[in-house]
Amino acid sequence: MQANTTSAIEARQTGNRIVIGGIAAIVVILFTAAVLLFLNLPDANAFNARVEALFVENASLTGQAEIKLLEILAQSGTAFSATLDSYRFVIFVLLIFATALLVAAVAFLVMLIAMNRRMGQIERKGIEVNSLLISRDQNMVYLNNFEFKLTDAAIETLSVLAEARMDDEVLTGAEIEGVISGRPSSDCEEAAGATRIKRLRDTLGNQMMSELLVRNIARRGYMLSIDKDVIRMV
């Protein structure tokens with residue numbers, strides 16, 4: 001038991017390290033891509049520098065038309081610089097958004113995998129019940145920290161299953177019907193007991209919990225899939 005617990009802890013720690021490593025890898029890849037992208041973007045002042053060079057190289061141009069053209073080029077360079085700066089900001093925001101989405105996707109994927117594993121463990125081992133208290137007088141069932149108000153028929157069915165579990169017995173539908181009705185099981189129909197089981201599950205409400213709590217063993221019958229030592233009846 002100790003070895004299984006240790007293995008489970010080590011497996012969980014290994015899984016956590018893999019998740020952290022995957023998220024870190026995503027962040028590093030996107031950060032590298034952002035650095036390369038920004039390094040390869042043209043300088044926002046490149047156009048202004050070129051226009052300034054034109055002014056210097058063409059100082060002899062003193063006509064009104066030539067000066068006006070150079071001023072237009074200078075204004076265009078300023079507009080281009082502002083536009084490129086806005087593009088840089090937009091790209092930066094998009095990269096942050098993409099990083100957040102990828103990290104969230106990895107986190108949700110890990111959560112789904114962990115949940116599926118947990119559900120698989122529950123399906124294999126049955127529902128983990130620490131205490132089951134059945135109060136016939138009040139038609140109440142206390143399952144762990146949950147409280148259920150059952151009908152008379154449902155409480156009778158659950159009581160029969162609890163008594164059978166304490167005796168390590170598996171009851172068929174006909175046997176369940178026979179115990180409740182007081183008739184020999186040979187005179188009862190299997191469908192009647194199956195109907196009682198269905199009504200009990202419907203009364204419990206939570207389909208997953210009720211299906212796991214009341215197990216149907218093929219070709220044998222029904223039983224509670226809990227430890228018999230946690231059952232109490234008053």
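Two strands are taken to pair if DSSP finds at least two bridges between them. On this basis, in the predicted model examined here, S1 and S2 form a hairpin with four residues between them. Within that turn, Asn 139 has a positive phi of about 55 degrees. The two strands of the hairpin run antiparallel and are joined by four bridges. One of the bridged positions in S1 is Leu 132, whose partner in S2 is Leu 143.

The hairpin belongs to a protein of 234 residues, with seven helices and six strands. Read from the N terminus, the elements follow the order α-α-α-β-β-β-α-α-α-α-β-β-β. Buried residues make up 26% of the chain. Of the contacts with a separation of 6 or more, 56% involve residues 24 or more positions apart. The exposed surface of the protein is about 15600 Å², and 60% of this area is supplied by carbon and sulfur atoms.

Four strands are assembled into an open sheet of mixed pairing, in the order S3-S2-S1-S6. The edges are occupied by strand S3 (146–149) and strand S6 (231–233); each has a single partner strand, so one side of each lacks a neighbour in the sheet. With direction ignored, neighbouring strands of this sheet are turned against each other by 15 degrees on average. In general, the strands of a sheet pair through backbone hydrogen bonds, either parallel or antiparallel.

A further hairpin is formed by S2 and S3, with two residues between the strands. Its turn contains Asn 144, which has a positive phi of about 55 degrees. Strand S2 (residues 140–143) and S3 run antiparallel and are connected by four bridges. Across this pair, Met 140 is matched with Lys 149, Tyr 142 with Glu 147, and Leu 143 with Phe 146. Leu 143 is thus a bridge partner both of Phe 146 in S3 and of Leu 132.

Ser 135 is located in strand S1. This residue has a relative accessible area of 8%, and because burial is assigned under 20%, Ser 135 counts as buried. When its neighbours within four places in sequence are set aside, Ser 135 is in contact with Met 140, Ile 155 and Val 234. Of these residues, Met 140 is the one bridged to Lys 149 in S3.

Helix H4 lies across strand S1 (132–135), S2 and S6, and runs at about 125 degrees to S6. H4 (residues 152–166) also packs with helix H6 (residues 190–204), at an angle of about 110 degrees and with the axes 9 Å apart. The two helices are therefore roughly perpendicular to each other. On the H4 side, the contact is made by Ala 153, Ala 154, Thr 157, Leu 158 and Leu 161. H6 contributes Arg 196, Ile 197, Leu 200 and Thr 203. Classified by residue type, this contact has six nonpolar, two polar and one charged residues. In an α-helix there are 3.6 residues a turn, so residues three or four places apart point the same way.

Helix H5 (residues 173–181) has Gly 173, Ala 174, Ile 176, Glu 177 and Gly 178 as its buried residues. These buried residues pack against H4, H6 and strand S5 (221–224). After H5 comes Gly 182, which has a positive phi, near 80 degrees.

The packing of H5 with H6 has an angle of about 80 degrees, and the axes are 6 Å apart. H5 and H6 are therefore roughly perpendicular to each other. Gly 173, Ala 174, Ile 176, Glu 177 and Ile 180 form the H5 side of the contact. The H6 side consists of Glu 190, Ala 192, Gly 193, Ala 194, Arg 196 and Ile 197. By class, six nonpolar, two polar and three charged residues make up the contact of H5 with H6. Arg 196 and Ile 197 of H6 take part in this contact and also in the contact with H4.

How values were computed. Residues numbered from 1 in each chain as written. Predicted model: local features only at pLDDT ≥ 70, side-chain atom pairs only at ≥ 80, totals over all residues. Heavy atoms only, no water. Axes fitted to C-alpha atoms, helices over the stretch in contact; angles between N-to-C directions. Parallel < 35°, antiparallel > 145°, perpendicular 65-115°, else oblique. Contact = heavy atoms within 4.5 Å. Nonpolar A, V, L, I, M, F, W, Y, C, P; charged D, E, K, R; others polar. Buried < 20%, exposed > 50% of the residue type's maximum accessible area, 1.4 Å probe, protein only. Areas by Shrake-Rupley, 256 points an atom, 1.4 Å probe, with all protein chains shown as cover.
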